[in-house]
Amino acid sequence: MTDVIRTPSVPKRSQRGTLRRMLRNPLGILSLSLLALIVLAAVFAPLIAPFDPNYADVGNTLADPGGQNPLGTDSAGRDVFSRLLYGARLTLLSALLCAIVAIAIGLPGGLIAGYYGGPFDSTSNWFSNMLMALPGIVVLLVVRAAFGPSVWISMIFFGILISPSYYRLTRSAVQSVRNELYVDAARVVGLSDARIISRHILSVVRAPLIIQTALICGVAIAVQSGLEFLGLGDPTAASWGSMLGDGFNNIYVQPSLMLWPALAIGITIGSLVLLGNAIRDALEDRRQIKAPRRPRPVAEAGTREPAVVDDAEAILQVADLSVGYPNADGEYTRVVRDVSLTIRPGEVLGLVGESGSGKSQTAFSILGLLPRTARILSGSIRFEEAVLVRDGEVDVNAVLGIRGRRIAYIPQEPMSNLDPAFTIGHQLTRPMVKLLGISKTRAAERARDLLRRVGIADPDRVMKGYAHEISGGMAQRVLIAGALSCEPDLIIADEPTTALDVTVQAEVLDVIRTMQRELGVAVLLVTHNIGVIADIADRVAVMRQGEIVETGPVDEILRRPAHPYTRTLMASMLVGKEPLMPLGLSGPATGAETSEEEDERQRALDQADMQQPLSPAAETILREDI
Amino acid sequence: MSGIILDVRDLVVEYKPKKLRAKPHRALHGVSLSVAEGRTLGLVGESGSGKTTIGRAILGLAPIASGTITFQGDDITRISRQDRRKFSGDLQVIFQDPYTSLNPAMDVGDILAEPLGVQGIARDAARRRVVTLLDRVGLPSSAINRQPNEFSGGQRQRIAIARALALDPKLIVCDEPVSALDLTTQARVLDLLLEIQQDTGVAYLFISHDLDVVHHISHDVAVLYKGEIVENGPAAEVTRTPQHPYTKQLLLASPVPDPTEQRIRRDQRLALKTSLDAA
């Protein structure tokens, strides 16, 4: 039996939470209460209204507010307040009808088209495009002419006209999840399509559907009132639009007649739009963690000697580096703690540890690529003569002057660091033109030469191509070429082979090794694989929970690991182990540490993992072209 | 040798082309393999070799052009979803990516109860079974009310394993179940899979690009290269004395933790590569 793994104690984000978040939003609660008020007024209109909406007191037309007519009377002597209440019924019901028709057509259409694709998808797309191209008001005028002044019929037609908005929304939402593995898993279990759609797919559509409905109802009210205002509605039914028309005709005699229906329409539509926004905000809201107001927390009093190893030969020196992420208590959770390391010219330093050990955060600190919420809390980073970080203060200019020129970066995900909109040639040459100031032709020549050196046989073809036309291993070679293009002295490679096959991994490591030897460049290689370290590194630093637990020459550390964690990492290698026998790793599993503090750190790192930085080359292009 | 549980004969899978009148993309060119009861067949190959496609075809998720798939004596090559439900209790899957294989909107209890519900097991019984399953994969029963995004990659993969185990299957297709994990987490998940096999006698079709992993967990190994099986046999034989040059490369490509030994390996691999390039 395996040990029970402790799980992080994160509060659950449930549907109820969404509602609560919405009610905490002042605009959400305001719009919701206004809408509730209007709905109640409409429902209880017969009880509240002092008069029948069509009861005309011809002796008392255009009366001022007051007396038995709290809001006055209109040009036919009808009570404005009563008509307003009854008008709310008509307006809300017509908006509801319109939304129901639109959903009844758009939702199933979108579900089927998105889930199955094929001929139904192309046909329904054609219909939806056609409906969107029709001029709505003109169609409604024709409908009025053909079917008479029924507000219901015109709203049914308006619902049909507006159904493509639901159709498109549903279709794209369904398309984005229909190939997700959890849908596949449901198919394997034998769930029917209907159940898959209702259990796994509808939930994706639900939230956008509610938001869309709030907005569509607003539009429907506007259109319906517009038709009534033009006098195209049913003259026997009280409606806000026709009241508005009456008020407009008597604007000089009794201006307040326009005010009430205009207010009613405005408030209803406004509340619907605000409600839609509030729902969206509530759904998108992640617990916002604000950075502590204090500039920096007090570092723990000197329990350790400052580890400033003043190695004159070192190209890079990191001393006592601590990196933190703000947490819910308004403090910083330290994910890197007092890390010190040095790299000499032409040396390969391997930084090894499990995910969550803070190894990538250390590398990003050197590159100045930490996520925005992260903060260097203490320590210094020196690259040759330039001080990038001094006592926790980052010198932004120094970092910008060095990143991409003197320190290059090879990322974990090669594909996401190549822009699909530009040729690979452009992405290789552009940084050279910008940073080295050489001509385009010379840059292209250099790029070709570099591609050939990283083992790409036909550089011209690759340079003309786009990211999607090459494999992952090829993309990583391209990024290595890009990293070398500005003749750096140090390359920081963050898990450069993790996303690749074993055979491709070996080849990419060959390329990095050859380049490193030929050009004498130093490499900081971040990985979780001890085998990769054995293959390429000269020295190794083992990281665990934000701290370096062991460091030294590879030959020494891997032969005689002193720290139990290093031994655990080595024990996880499968080579030479008895097949079909459990390895029985000692030590706690990832994320299974026992303290609350550990949970907190893990959460901060999870948050950090979501934000992989781009390579400087990719960033140069991005910044330039926006 | 015990009975054959899964038998795949001359399987050809073709994906419909995106463009009209283009040639269909043939992902598998007549693959044959079989898995014995209670044993593990490791299927190893590089990305694009079609190894994932084999798994998906067996599960009814890939378009089969020709060939047959027999599971426990029944032909399941082209059965409908409804008929597949009969087999879903015995044939299950663990996918590679623990982040997208669990519905982020459902809580763990509902995810694990889903296969039980399909088989018509009552809610209470299903709930009890879910607790047992969580315990089986080393997760606390409090996980039942949590959502997948609250778990780490390794823990999510445990949840996926629990879902696959829900109906006591006879065969689990494991599609790169440890490729997205750290080496230490990989070791722990492999331990769990081995334990489960010892306890329940389930058979695995274990798909991976890593020969070390396949060698560690499999009784038999098949090597897939460009949509065809190029080598096939007992794990020790295939991984110790590989015949096909691709298998040899694969074997030498995975690094060992000893630097000196790794240097020797690397030189052997480069020498092999040179000789292959020359040929």
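Trainee: Where in chain A does Glu384(A) lie?
Mentor: This is a predicted model, in which local features need pLDDT of at least 70 and side-chain atom pairs count only at pLDDT 80 or more, while totals for chains, interfaces and linings use all residues. Residues are numbered from 1 along each chain as its sequence is written, chains are lettered from A and ligands numbered from 1 in the order in which they are written, and side-chain values use heavy atoms, with hydrogens and water left out. Helices (H or I, at least four residues) and strands (E, at least two) are DSSP runs, numbered from the N terminus. In these terms, Glu384(A) lies in the loop between S4 and S5 of chain A.

Trainee: What phi does Glu384(A) have?
Mentor: Glu384(A) is not a glycine. Its phi is nevertheless positive, at about 50 degrees.

Trainee: Which residue meets Glu384(A) in a salt bridge?
Mentor: A salt bridge is a side-chain nitrogen of Lys or Arg within 4 Å of a carboxyl oxygen of Asp or Glu. For Glu384(A) the N to O distance is 2.4 Å, and the pair links distant parts of the chain, 22 residues apart. The partner, in the loop between helix H13 (396–402) and strand S7 (407–410) of chain A, is Arg406(A).

Trainee: Is Arg406(A) buried or exposed, or partly exposed?
Mentor: Buried means under 20% relative accessible area, exposed over 50%, and partly exposed in between (1.4 Å probe, protein chains only). Glu384(A), at 25%, is partly exposed. Arg406(A) has 29% relative accessibility, so it counts as partly exposed.

Trainee: Which residue forms a salt bridge with Lys359(A)?
Mentor: The closest N and O atoms of this pair are 3.4 Å apart. Lys359(A) belongs to helix H12 (residues 359–367) of chain A and its partner to the loop between strand S8 (490–494) and helix H18 (502–519), so the bridge ties together parts 136 residues apart in sequence. The partner has a positive phi of about 45 degrees although it is not a glycine. It is Glu495(A).

Trainee: What is the relative accessible area of Lys359(A)?
Mentor: Its partner Glu495(A) counts as buried, at 7% relative accessibility. Lys359(A) is also buried. Its relative accessible area is 4%.

Trainee: How many salt bridges are there over all chains?
Mentor: Another example joins Arg461(A) and Asp458(A), at 3.5 Å from N to O; Arg461(A) is exposed at 57% and Asp458(A) partly exposed at 37%. Salt bridges that share partners also join Asp510(A), Arg513(A), Asp535(A), Arg266(B) and Arg269(B) into one network. Over all chains, the count of salt bridges comes to 34.

Trainee: At what angle do helix H6 and helix H7 of chain A pack?
Mentor: Axes are lines fitted to C-alpha atoms, for helices over the stretch in contact, and angles run from 0 to 180 degrees between N-to-C directions. H6 (residues 136–147) and H7 (residues 151–177) have axes 10 Å apart. Their packing angle is about 145 degrees.

Trainee: How many residues of the contact of H6(A) with H7(A) are nonpolar?
Mentor: Contact means heavy atoms within 4.5 Å. H6(A) contributes residues including Val139(A), Leu140(A) and Phe147(A), and H7(A) residues including Ile153(A), Phe157(A) and Leu161(A). Ala, Val, Leu, Ile, Met, Phe, Trp, Tyr, Cys and Pro count as nonpolar, Asp, Glu, Lys and Arg as charged, and the others, Gly among them, as polar. By this division, 2 residues are polar, none is charged, and the number of nonpolar residues is 8.

Trainee: How many residues of helix H8 of chain A are buried?
Mentor: Helix H8 spans residues 181–189 and is mostly covered. Among its buried residues are Asp184(A) and Arg187(A). Just after the helix, Gly190(A) takes a positive phi of about 100 degrees. The buried residues of H8 number 9 of 9.

Trainee: How many residues does chain A have, and what share of them is buried?
Mentor: Chain A holds 23 helices and 11 strands. Of its contacts with a separation of 6 or more, 70% are between residues 24 or more positions apart. The chain has 626 residues, with a buried share of 51%.

Trainee: Which element of chain A has the lowest mean pLDDT?
Mentor: The pLDDT is the predictor's confidence in each residue, from 0 to 100; chain A averages 84, and chain B averages 89. Strand S3 (residues 348–352) has the highest mean among the elements of chain A, 95. Over residues 588–595 of chain A the pLDDT is below 50, yet this stretch has 21 contacts beyond near neighbours in sequence. The lowest mean, 51, belongs to helix H23.
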